[in-house]
Amino acid sequence: MSEIRSSVEKRRFRGVIVIASLSVLSFMYFGFIRPGKGDTTYGFVLNNEWVLIKEWIIASATGAKIFSGISLIASVSAILAFRKGREIIIPVGFASFGILMSFITWAASGKFIPLTGLLQGALLLAVPLIFGSMSGLICERSGVINIAIEGQLLASAFVSGVVASLTHQALWGLIAAPIAGAAISFLLATFAIKFSVDQVILGFVLNVLVIGLTDFLYKKLLVPYQSTWNTAPTFGKIEVPILSKIPILGPIFFSQTIVVYLMFAIVAAITFALFKTKWGLRTRAIGEHPTAADTVGIDVNKLRFKNVIIAGLIAGVGGAYYTVASVGAFGKEMTAGAGFIALAALIFGKWSPIGAVFAALLFGFADNLQSTLTIIGVSIPSEFMLMVPYIATIIAVTGLVGRVRAPAADGIPYLRGGSH
Amino acid sequence: MRNSLSKFGQAIKLPGLSFALAFTLTGFIIAFSDSKVLSKIGSPLEFIKSAGATAGNAYLALFQGSIFDINLTKGHNFFQGFYPLSETIVIATPLILTGLSVALAFKSGLFNIGAQGQFIFGAIGASYVGFHFQLPIVIHVIAAALAGMALASIWGGAVGLLKAKTGAHEVILTIMMNYIAGYFILWILKTSQFLRPGRIDPIAPEVNQSARLPLLAGANLRIHAGIFIALVAALFVWWLLTKTTIGYKFRAVGANGQAAKTAGISVPFVLTATMAICGALAGLGGAVQVLGSEHALNADIAGSFGFDAITVALLGRAQPLGTVFAALLFGALHAGGRTMQSNTGVPLDIVLVTQALIVLFIAAPTFVRFIFKLKKMSSSAGLTSKGWNG
Amino acid sequence: MSLELRGITKTFGSFTANDEINLRVETGQIHAILGENGAGKSTLMNIVYGLLKADSGEIFVDEKVIDISDPSDALRAGIGMVHQHFMLIPVFTVAENIVLGHEKTGKFGALDIETARSAIREVSKDFGFEVDPDAIVETLPVGIQQKVEIIRALIYEAKVLILDEPTAVLTPQETDELLKTMRELKAKGTSIIFITHKLREVREVADQITIIRRGKVVGAVSPQTSEGELASLMVGRTVDLAPEKHKHKIGEPILVAKDLTVRNALGAAVVKKVNFHVNAGEVLAVAGVQGNGQSELARALINLEDHVEGSILLGGNEIRGKSIYDSLHAGIAFIPESRELDGLVGSFSIAENLILDLHDQTPYAKGITLSAGVVLAEAEKKVKEFDIRLQSVSDAVSTLSGGNKQKVVIARELSRPVKVLVASQPTRGLDVGSIEFVHERVLAERDAGRGVILFSTELDEVMALADRIAVMYRGEILDIVDSNVTREELGLLMAGVASKKASV
């Protein structure tokens with residue numbers, strides 16, 4: 001191995017070593033030392049889509065060996081790519097996939113894993129994370145740190161649940177949700193931009209405010225008068241004709257509620273807008289070098305304000321997911337830290353839309369895997385399983401990302417002429 | 001004399017107005033979410049009278065629950081009327097410690113949201129040493145507290161180390177660590193070591209008598225020696241920051257890490273040491289809560305202490321003395337809140353709203369000036385934290 | 001287009017930055033504004049460009065009053081500005097930067113950059129420089145970045161072009177090119193306001209010179225005025241432009257750098273295998289245009305850089321790879337390039353800043369307790385010794401002027417036992433009085449037997465102070481020459497042209 005040069009290379013080197021060691025460990029442990037007894041059954045059919053394969057039954061030990069074998073080969077390929085100085089992300093990705101599948105095959109020996117359901121649930125759990133990270137993306141790219149994503153999600157979950165309950169229509173709940181998110185955004189924008197309050201502290205305080213208010217109103221109104229205030233109807237799944245019948249992909253992408261379809265549209269719109277439009281150019285400019293933008297005549301603070309409100313609208317839709325697109329009733333602090341995981345997804349995705357979505361899907365998968373394994377009955381205590389998404393987040397922001405570069409002016413209020 | 005009085009008045013004007021604004025807004029929310037008040041919306045005079053009465057009753061209950069309640073003196077001596085004040089102090093005691101944990105971190109430029117998780121590990125350590133061993137009276141308390149502090153210090157220091165080595169931001173790290181700690185305590189209370197014989201709910205055995213902190217005002221009031229520990233800790237933090245070379249390093253890194261590094265100060269050391277000490281402080285809070293008031297580890301031992309710690313530190317502007325006062329204030333709000341909920345039916349969660357509003361207005365002096373149309377005096381440097389780029 | 005300023009006044013609290021300034025720039029005229037650092041030139045131009053609002057006074061364009069409250073007003077009036085610190089988004093391409101603020105959109109609001117691309121190619125050809133519209137700005141050399149700024153002003157048809165200290169980042173050759181470009185623009189009818197503190201350039205290209213001192217106009221003269229007279233007007237007293245160079249004793253090598261290489265975070269070498277040494281009692285200047293690796297080399301000498309290979313011997317002992325603390329205490333005094341970012345903790349008091357490196361040593365501390373009394377007493381001593389102007393040593397250091405801040409840094413660094421002084425751009429942004437102080441101090445250290453490594457982009461400073469001069473270009477030391485080298489030869493080296501002279 002030639003002399004290690006830079007911190008970037010050191011991290012790649014560490015990554016390759018870690019993935020190779022995990023592959024070997026996985027192969028030995030899941031395949032030989034403590035192989036699962038019995039067969040693991042992967043089910044591919046969810047509802048009534050077309051059936052390509054119904055199930056795949058494989059002896060747990062054999063399956064583990066096969067998947068670990070894949071990861072071993074991928075690790076070797078990663079080492080070769082590293083030595084040639086090429087990108088290692090694809091072989092590392094395959095190796096991770098292999099290790100993960102090996103683990104699942106081992107953990108679920110003698111049990112049934114509904115794979116399509118697992119993936120569909122993963123996407124579903126990622127929905128608020130994706131909305132939250134898109135909201136964070138627009139704020140941060142404009143130069144405003146948004147720690148209040150959690151508050152936005154919770155506030156809009158509350159408002160959409162209540163409005164839907166009062167009007168007996170899920171649709172009104174969905175329409176009210178962005179307004180709640182925008183209201184929190186309005187507070188964030190006003191205090192951060194007009195009054196230059198420290199943005200990290202401000203975001204945190206807004207979260208506390210929302211938690212306090214929603215808990216208060218929950219106890220005061222939603223619990224005693226539940227039938228009026230907390231019985232929201234929910235959206236049914238909308239099946240896209242034909243597309244929803246494609247095996248595996250159909251149920252995951254084309255058999256969801258309207259909120260999810262909105263999500264696809266919003267992600268596509270943001271990706272296009274951020275990099276191909278005038279708005280996107282200006283947004284990125286004010287986040288990187290607001291003074292330069294000012295000198296060409298752009299009103300930095302006005303655009304920042306507008307963008308923070310837009311971000312609030314987006315987060316608002318994500319909050320609606322919790323009530324009108326799933327359980328219907330609002331529960332105390334039901335977002336359970338999703339806003340912070342969304343922030344982590346944004347950082348993990350290096351402040352790019354596709355990166356953030358990918359990271360959010362990963363976290364959603366970790367979360368859903370944990371609950372699926374708990375349901376089918378796995379030997380690891382449920383509390384440790386519940387820790388998985390949070391541990392995954394820590395690993396992501398420490399090990400896998402390295403020192404990241406946020407937009408250069410992120411978190412710094414813009415005052416023309418500097419401070420005197 | 002007049003000059004210093006006017007200076008004092010100047011210094012207290014803005015915080016005072018912030019408080020007034022926060023309590024007024026809270027009063028509005030209490031009044032206008034009450035169905036009795038809302039039903040009178042037809043006649044404005046009745047409406048306002050009803051609103052005022054509702055808010056007034058709520059605030060009276062708040063006072064009765066936090067400072068003094070004449071009703072409690074019936075059948076007991078006069079001091080029993082101060083039971084609410086004793087409750088305030090009992091709640092404020094761990095709050096002072098967790099508040100110090102967050103405040104000290106701020107001084108080094110770190111935002112320690114992890115006081116909750118650190119508190120939990122402190123409680124776990126103290127509880128185990130408390131019920132598992134038999135030791136002579138003072139030594140047992142010290143041992144239990146130290147055990148808790150050690151665990152919590154590791155839990156906190158790990159964050160500092162990770163930040164130093166990988167550059168990950170402590171906000172995300174500590175929030176995640178809190179959730180992990182929360183699940184960990186749920187699990188550990190189910191293990192055979194921690195299960196109390198004869199109970200199936202998640203509660204650990206009671207700590208032995210030798211490990212408990214003594215009560216200070218008789219058996220009828222819950223105030224215990226933990227308050228002295230908390231005050232000593234505040235003194236320690238003040239001493240550390242202002243009188244020692246270590247505190248100097250912390251403050252230098254917090255104020256300008258680049259310059260500190262260029263002058264030879266080791267930033268990784270500061271980050272790790274800060275988080276380790278902050279962890280120990282929050283852990284001490286957990287230990288004090290177990291050894292002084294709860295006497296047994298349960299799933300909800302941390303309550304909202306870690307969470308409130310942040311608002312306490314922000315209100316106290318990250319100064320040790322300010323943190324003590326802020327903890328007492330928010331302790332009063334919590335104690336009073338319980339009484340308010342049971343006497344008037346106003347959910348105590350409104351106290352969180354008040355807390356958030358107070359902190360918000362304190363952190364935004366320009367806003368308060370704007371609302372009250374005050375002129376700008378000398379520039380007030382607000383409390384700041386570091387963004388993702390550090 | 002003519003531009004006139006009448007009675008422009010601007011105050012910041014109790015400080016008057018501009019005091020009743022009158023100025024007139026005719027069509028097709030190059031008007032230079034001369035003044036030392038802190039005189040108020042940049043404030044004035046920020047007002048003309050709309051980044052600041054004057055407290056009183058008026059601006060006339062073609063004899064008509066116009067109101068400029070925003071850069072877009074200035075742009076509309078035909079005023080363009082090339083700032084001292086570039087107003088380019090580093091991560092954008094050239095075309096994106098130029099398009100910003102004047103975007104044309106197509107379908108669905110999609111951005112149209114093609115028009116900008118062709119415009120860029122055209123304008124750059126017109127003026128004889130090549131700029132790739134799709135290059136990412138932060139990868140371009142500084143001289144090219146400046147050209148991008150000029151192109152931008154021209155594409156948007158600036159009739160008055162303000163150049164704020166444009167030659168600070170250029171080699172002598174690039175400076176000559178810029179002056180040539182200015183003449184060409186003038187010939188095409190563009191008026192130019194040229195802000196600088198460099199006397200030589202001003203006399204070469206200006207039609208009219210206005211001198212500003214402490215916010216006031218103190219002279220409007222022709223370029224025939226002598227350098228000495230211009231300098232006196234700028235500073236307010238007679239200035240010795242060529243400080244005396246007296247004989248001094250040069251000793252043995254005290255710091256030797258061998259095959260020193262510094263890499264950045266991406267692994268690219270920004271300092272490539274440099275070799276040099278400095279003797280005790282000698283000033284070695286490292287000259288070169290900003291961005292050729294000097295900053296990184298200076299930082300590497302006290303191990304502030306993360307990826308350093310090679311060897312640094314201080315008094316015979318290897319210090320490469322040691323901690324910053326050890327490097328400083330082994331005997332290197334370090335004056336960083338940016339006193340505010342790297343040198344001082346703004347919110348700390350002056351006394352606290354003076355012990356930033358020694359706070360855990362006796363007599364400032366006993367064990368882990370600080371000895372506050374000693375800290376204050378020592379601070380008072382240093383304030384006297386280094387003539388630092390302040391109210392109290394307990395005030396925050398941010399209240400001091402630039403020159404006094406730099407004195408605090410120097411006082412601190414020279415309070416330790418020092419073998420070598422490494423000073424990185426120590427006079428940047430300072431007024432003439434402070435510059436003189438720094439120069440005196442550098443020579444005093446040299447005379448006291450220390451080795452001084454002075455990193456400077458100011459040719460005059462280098463030639464006045466150095467015993468030997470190392471010129472850096474693209475990360476390498478092109479040559480190390482004697483102090484009797486000519487400006488032209490130095491200029492060639494700075495532009496990358498290696499001379500045939502033997503190195504010393």
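1. Let me start with chain B, bearing in mind throughout that this is a predicted model. A compact globule of 390 residues would have a radius of gyration near 21 Å, and chain B comes out at 22 Å, so the two agree. If you prefer a box, the C-alpha atoms of chain B fill roughly 65 × 60 × 45 Å along the principal axes. As for secondary structure, chain B has 14 helices and two strands.

2. Helix α12 of chain B is worth a quick sanity check. It covers residues 320-344, which makes 25 residues. At 1.5 Å a residue the helix should span 36 Å, and because its end C-alpha atoms are 35 Å apart, the expectation and the model agree. Right after α12(B) comes B:Gly345, with a positive phi near 80°. As a general reminder when you look along a helix, an α-helix has 3.6 residues a turn, so residues three or four places apart point the same way.

3. Now for what chain B touches, taking chain A as the partner. Here 40 residues of chain B meet 42 residues of chain A. On the chain B side, the elements giving two or more residues are α6 (137-166), α7 (170-188), α11 (305-315), α13 (350-363) and α14 (365-371). Which of them gives the most? That is α7(B), with 11 residues. By class, this side of chain B divides into 28 nonpolar residues, 11 polar ones and one charged.

4. Chain B also meets chain C, through 16 residues of chain B and 21 residues of chain C. On the chain C side, at least two residues each come from α10 (324-329), α11 (339-343) and β20 (369-370). The class split for that side of chain C is 13 nonpolar, five polar and three charged.

5. Chain A is assigned two domains, domain 1 at 7-110 and domain 2 at 117-400. Their centres, taken over C-alpha atoms, are separated by 31 Å. The contact between them takes nine residues from domain 1 of chain A and 12 residues from domain 2 of chain A. On the domain 1 side, seven of the residues are nonpolar, one is polar and one is charged.

6. Chain A has a three-stranded open sheet in the order β2-β1-β3, with mixed pairing. The edge strands are β2 (55-59) and β3 (112-114), each of which pairs on one side only. From one strand to the next, the twist averages 20°. Strand β1 (residues 39-43) of chain A runs parallel to β3(A), and three bridges join them. What stands opposite A:Thr41 in β3(A)? The residue there is A:Phe112. In general, strands of a sheet pair through backbone hydrogen bonds, either parallel or antiparallel.

7. Chain C gets three domains in the assignment: domain 1 (3-235), domain 2 (251-331 + 417-504) and domain 3 (344-416). If you colour by domain, note that domain 2 of chain C is given as two segments, 251-331 and 417-504. The centres of domain 1 and domain 2 of chain C are 32 Å apart, again over C-alpha atoms. Where these two domains meet, 11 residues of domain 1 of chain C are in contact with 10 residues of domain 2 of chain C. The domain 1 side has six nonpolar residues, four polar and one charged.

8. The start of chain C is a good place to zoom in. Strand β1 (residues 3-12) and strand β2 (residues 15-25) of chain C run antiparallel, joined by seven bridges. Together β1(C) and β2(C) make a hairpin with two residues between them, and C:Gly13 in the turn has a positive phi of about 65°. Two pairs are handy for checking the register: C:Thr11 stands opposite C:Thr16 in β2(C), while C:Glu4 has C:Arg24 as its bridge partner in β2(C).

9. That hairpin belongs to a wider arrangement. Chain C has an open sheet of four strands in the order β2-β1-β4-β5, with antiparallel pairing. Why is one side of β2(C) and of β5(C) (64-66) left without a neighbour in the sheet? Both stand at the edges, and each has a single partner strand, so one side of each stays unpaired. Ignoring direction, neighbouring strands of this sheet are turned by 30° against each other on average.

Key
Residues numbered from 1 in each chain as written. Chains lettered and ligands numbered in written order. Predicted model: local features only at pLDDT ≥ 70, side-chain atom pairs only at ≥ 80, totals over all residues. Pairing = 2+ DSSP bridges. Axes fitted to C-alpha atoms, helices over the stretch in contact; angles between N-to-C directions. Contact = placed C-beta atoms within 7 Å. Nonpolar A, V, L, I, M, F, W, Y, C, P; charged D, E, K, R; others polar. Domains from an automatic or database assignment. Expected span 1.5 Å × (residues − 1). Rg over C-alpha atoms; globule rule 2.2 N^0.38 Å.
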